[in-house]
Amino acid sequence: MMTQYAHQPAFLTGDEFSIPTFSVLSPDGELYSGADTPPLEQARARRIYHAMLATRILDERMLAAQRQGRLSFYMQCTGEEAAVVGATAALDDADMIMAQYREQGALMYRGFSIDEFMNQLFGNELDYGKGRQMPIHYGSRKLHYMTISSPLATQIPQATGYAYGQKMAGKGHCTLTFFGEGAASEGDFHAALNMASVHHVPVIFFCRNNGYAISTPAVEQFAADGIAPRAFGYRMHVIRVDGNDVLAVYEATRQAREIAVERNQPVLIEAMTYRLAAHSSSDDPSGYRSKDEEEAWRIKDPLLRMQKWLLAKGWWSEEEETREQETLRREVLGTMKRAEKRSPPPLDSLISDVYADVTPALQRQFDQLKRHIRRYPDAYPRGAQSLDLDVRTDTDTQGEA
Amino acid sequence: MPTMNMLQAINNALDIAMAEDEKVICFGEDVGIFGGVFRATSHLQEKYGKARCFNTPLVEQGIIGFANGLAAQGSVPVAEIQFADYIFPAFDQIVNETAKFRYRSGDLFNVGGLTIRTPYGGGIAGGLYHSQSPEAYFTHTPGLKVVVPRNPYQAKGLLLAAIRDPDPVLFLEPKRLYRAAVGDVPEEDYQLPIGEAEITKEGTDVTLVGWGAQMEVIGKAVELAEEQGINCEVIDLRSLLPWDADTVAESVLKTGRLVVSHEAPLTGGFAGEIAATIQERCFLYLESPIARVTGLDTPFPLVLEKEYLPDHLKIFEAIRESVNF
């Protein structure tokens, strides 16, 4: 770029730019004047709403299950369903999603079954992650959803790398990475955006600005006008969108995907929303925010807004709503009962997948562990359960009292 | 004497340090009005104001980089990393900066005022990323001090010592004991020495060495061993860097046997350092190989956490094997 010289000092703060919030649907579910309906056919609209509703119900039931002590931990997506599902719906189903941890709606949209959710939540023998990670750390290779990692923001530069690989593969796919406004403070966020811009990578950075990082409000997270202006520093396309407006999220992401895939340019999307639930089942928001504040956002519930729009279009009915809610609740409860009864993963899942092959040193440690568990089977009910199937060998019994 | 749990003892130590010295500044993710996700910094913002106890943005490398600068300026930062599992973005700041500040400047500058507090360890169904014991990454770093308390009394005295120590200290808090460990803690100011182990139980047959939450587990194993007539000496290292080899060597010269236990994986774990040093110093007195009872060489699991952990039964078996060698 050509250097422009000025001969008087002038300091800029960024306040010179103001980034509007793209919104299509009002909280009443009506189109704002001047807004266009995005190209969204009935079937996809219903698929989006169904995923949002299913996510809401799964979250309600599983938080209740956690409170009953049936589950060790849970995290809700409540209030952010439009942001997560709307963005996912605008992608190709084979595009990669690299999420933070509060984006179960994306998996729901792509068809992760309630049974698959439950197996992870209960860490049973059918959990793809083999019972190694805390609840909500889902992953699905067939649904192009990278397994969740708890450390914040680590997935953001990985998304840049994954998408670079997709560009090289030339099949027209991109990666979308979700993260919160808190995670955007991590160094990884900045590294990711810079590299994506420098290397012309088809990646969409989707920030769920939900107002809080656990207890820390956005005003203590950054001094600027949200996350969106950071894109300027990397010369990146950016749009801010009403995250509780599913049509706006869908359309913004749809166009972002075109920029990413057709022009090999990264895009930053900042979705303005609100974490209606606690950070997690371990958190109590009453220590850091008011009920009034929560109520003000409850009125802007993204589900209600989409439902009103669908009803007005005749694409959904009150009867369907009641029926679907009942069906989903029944499915969640029934599936949970089956999942919590399943066996834990086998004992050898302790040592598999550390490397492609178990190292001899680790195998020795494991053999020692098995001898120990055989000596004290009652102390290790889970481990002993799968050992029962093993044949006792002479070496195993050596040295036993 | 008041009874406190470990969180209350830590909170009390921070309160005393902040009241005594206005240069003491506490910060980290959620430590402000919320008092930290475990509430270790409860009411400190109320008492000392937002300038001395505050939330930071969510950026560990920023927190420690900021803390290094603040300490170099002469303030006394007490930085919290929310979980030890999340300390790694700050690894560069800690290993390349905190630890080398004094040395590289020829003592023109130092960050001796810095204390980094962070909860570590498993046994809370935390899985891979809320359970790790990363002490050995840091004990391999000259210039740092690494301290781990085992109970509320130790936590208060060691934390006050860490804050006032002329060198930067990584203070690892056993989070499983935050509320579970309750004990008498004097209300007044006191310090416990950094770099000195404590013999928590004297014995003649075998020496057990551990630190932090593992001391409780060792205690249970020792009860089982004593029922079988094995007389155990138990040592809490308290400080891993520097560590008190003299106390351990002296004990092993007496017992001839050593069992070391930690939750972190075996390979590269701090037990290896202890074993190497003690065999150098006690070679002719050893009656059996030095035993290490540790986590497996795997990431920290969730559902099979119990199987992974070096529990009292595994330690008890190691004691028996050591004695019957």
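**Exercise 1. Determine how many helices and strands chain A has, and decide how its radius of gyration compares with the globule rule.**

Solution. Chain A of this predicted model contains 15 helices and eight strands, where helices (H or I, at least four residues) and strands (E, at least two) are DSSP runs numbered from the N terminus. The next step is the radius of gyration, taken over C-alpha atoms and set against a globule rule of 2.2 Å times the number of residues to the power 0.38. For 401 residues the rule gives 21 Å, and chain A has 24 Å, which is close to that value, so the chain is as compact as a globular protein of that length. Along its principal axes, the C-alpha trace of chain A spans about 85 × 60 × 45 Å.

Two conventions apply throughout: residues are numbered from 1 along each chain as its sequence is written, while chains are lettered from A and ligands numbered from 1 in the order in which they are written. As the model is predicted, local features need pLDDT of at least 70 and side-chain atom pairs count only at pLDDT 80 or more, whereas totals for chains, interfaces and linings use all residues.

**Exercise 2. Find where in chain A pLDDT stays under 50, and state the chain average.**

Solution. The average pLDDT (the predictor's confidence in each residue, from 0 to 100) is 95 for chain A, and 96% of the residues score at least 70. The stretch under 50 is residues 393-401 of chain A, for which the model has five contacts beyond four places in sequence; two residues are in contact if their C-beta atoms, placed from the backbone, lie within 7 Å.

**Exercise 3. Carry out the description of Exercise 1 for chain B, and then give the buried share of each chain.**

Solution. The secondary structure of chain B comes to 12 helices and 14 strands. A compact globule of 325 residues would have a radius of gyration near 20 Å, and the 19 Å of chain B agrees with this. The C-alpha trace of chain B spans about 60 × 45 × 40 Å along its principal axes.

For burial, a residue is buried if 20 or more other C-beta atoms lie within 10 Å of its own, exposed if 12 or fewer, and partly exposed in between, with C-beta atoms placed from the backbone. Buried residues amount to 46% of the 401 residues in chain A and to 60% of the 325 residues in chain B. Among contacts with a separation of 6 or more, residues 24 or more positions apart account for 75% in chain A and for 80% in chain B.

**Exercise 4. Describe the side of chain B that touches chain A.**

Solution. Start with the count: 32 residues of chain B are in contact with 41 residues of chain A. Helix 11 (305-308) and helix 12 (312-323) of chain B each supply at least two residues of this side of chain B. By residue class, the side divides into 20 nonpolar, five polar and seven charged residues, with Ala, Val, Leu, Ile, Met, Phe, Trp, Tyr, Cys and Pro counted as nonpolar, Asp, Glu, Lys and Arg as charged, and the others, Gly among them, as polar.

**Exercise 5. Identify the residues with the most contacts inside the largest nonpolar core, and list what I204(A) touches.**

Solution. A nonpolar core is a set of buried Ala, Val, Leu, Ile, Met, Phe, Trp, Tyr and Cys residues joined through C-beta atoms within 7 Å. The largest such core has 216 residues, and those with the most contacts inside it are I204(A), V249(A), I269(A), V259(B) and I319(B). Its largest share, 10 residues, comes from helix 1 (residues 42-67) of chain A. Leaving aside residues up to four places away in sequence, I204(A) touches C174(A), L176(A), T253(A), A256(A), R257(A), A260(A), V267(A) and I269(A).

**Exercise 6. Locate the backbone features at H200(A), R39(B) and P242(B), and classify the exposure of H200(A) and R39(B).**

Solution. H200(A), in the loop between helix 6 (187-198) and strand 4 (203-209) of chain A, has phi near 50 degrees, a positive value in a residue other than glycine. H200(A) counts as partly exposed because 13 C-beta neighbours lie inside 10 Å. R39(B), also not a glycine, has a positive phi of about 75 degrees and sits in the loop between strand 2 (24-28) and helix 2 (44-48) of chain B. With 18 other C-beta atoms within 10 Å, R39(B) is partly exposed. Finally, the peptide bond from L241(B) to P242(B) is cis, with omega near -5 degrees, and P242(B) lies in the loop between strand 12 (239-241) and helix 9 (245-255) of chain B.
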